Amino acid sequence: MNRRGFLFQGFAALAASAANAQRRPATIGVLSTGTPATDRTRLPSFRDGLAERGLIEGAGYRFEYRGAGGDPSRLVEYANELIALKVDIIVTFGGPASARVAVTASRNIPVVFAGADDSAITDLIPGAINRP
């Protein structure tokens, strides 16, 4: 199984579990260093991957998107907003900067790193090994 398939299957299981446990659509917090325009290929691909696994936006999940518009100093503020919204999971786009902020901001919300170099984030994962 490729990484993308693993990511989507893992996320789909988390989202389905959260939605079933709470009887509401899962809320996916998206924390990005970019903007909706720069993430225009990532977001549809992400939605498509979820749909392939039976999760439809509005019924199975909803997005809360926060994009820093190229200004990494805004990531902390946006991560805190997502946490205040009680998102079920945070997906990060934009490399290790957004991944680090998301993990540091909340130890209680699962974080999925999308587009972060493994070698740059292994220290964020307890018990991480040096190879996949």
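In what order do the four strands of the open sheet lie, and is their pairing parallel or antiparallel? The order is S2-S1-S3-S4, and the pairing is parallel. Keep in mind as you look around that this is a predicted model.

That order has a consequence at the two ends of the sheet. Strand S2 (61-67) and strand S4 (111-114) each have a single partner strand, so each of these edge strands has one side left without a neighbour in the sheet. If you look from one strand to the next, you will find a turn of 20 degrees on average between neighbours, direction ignored.

Now step back to the chain that builds this sheet. The protein has five helices along with its four strands. Followed from the N terminus, the elements run α-β-α-β-α-β-α-β-α. Of the contacts between residues at least 6 apart in sequence, 60% join residues that are at least 24 apart. Buried residues account for 39% of the 132 residues. As for the outside, the accessible surface comes to about 7,300 Å², and carbon and sulfur atoms hold 54% of that surface.

Let us return to the sheet and take one pair of strands. Strand S3 (residues 89-93) and S4 run parallel and are joined by four bridges. To find a point of reference there, pick Ile 90, whose bridge partner in S4 is Val 111. Helix H4 (residues 96-105) packs on the sheet, where it touches S1, S3 and S4. The direction of helix H4 makes about 160 degrees with that of S3. Another helix to look for is H2 (residues 42-52), which lies across strand S1 (26-32), S2 and S3. Helix H2 runs at about 160 degrees to S2.

Finally, zoom in on a single residue, Ser 32, which you will find in strand S1. Is Ser 32 buried or exposed? Its relative accessible area is 0%, and residues under 20% count as buried, so Ser 32 is buried. What does this serine meet there? Leaving aside residues up to four places away in sequence, Ser 32 touches Asp 39, Tyr 65, Arg 66, Gly 67, Ala 68, Leu 75 and Phe 93. With Asp 39 there is also a polar contact, made between the two side chains at 2.6 Å. A polar atom of the Ser 32 side chain also lies 2.9 Å from the backbone nitrogen of Gly 34.

Technical notes
Residues numbered from 1 in each chain as written. Predicted model: local features only at pLDDT ≥ 70, side-chain atom pairs only at ≥ 80, totals over all residues. Heavy atoms only, no water. Buried < 20%, exposed > 50% of the residue type's maximum accessible area, 1.4 Å probe, protein only. Contact = heavy atoms within 4.5 Å. Areas by Shrake-Rupley, 256 points an atom, 1.4 Å probe, with all protein chains shown as cover. Pairing = 2+ DSSP bridges. Axes fitted to C-alpha atoms, helices over the stretch in contact; angles between N-to-C directions. Polar contact = N/O pair within 3.5 Å; in protein donor to acceptor, adjacent residues only side chain to side chain.
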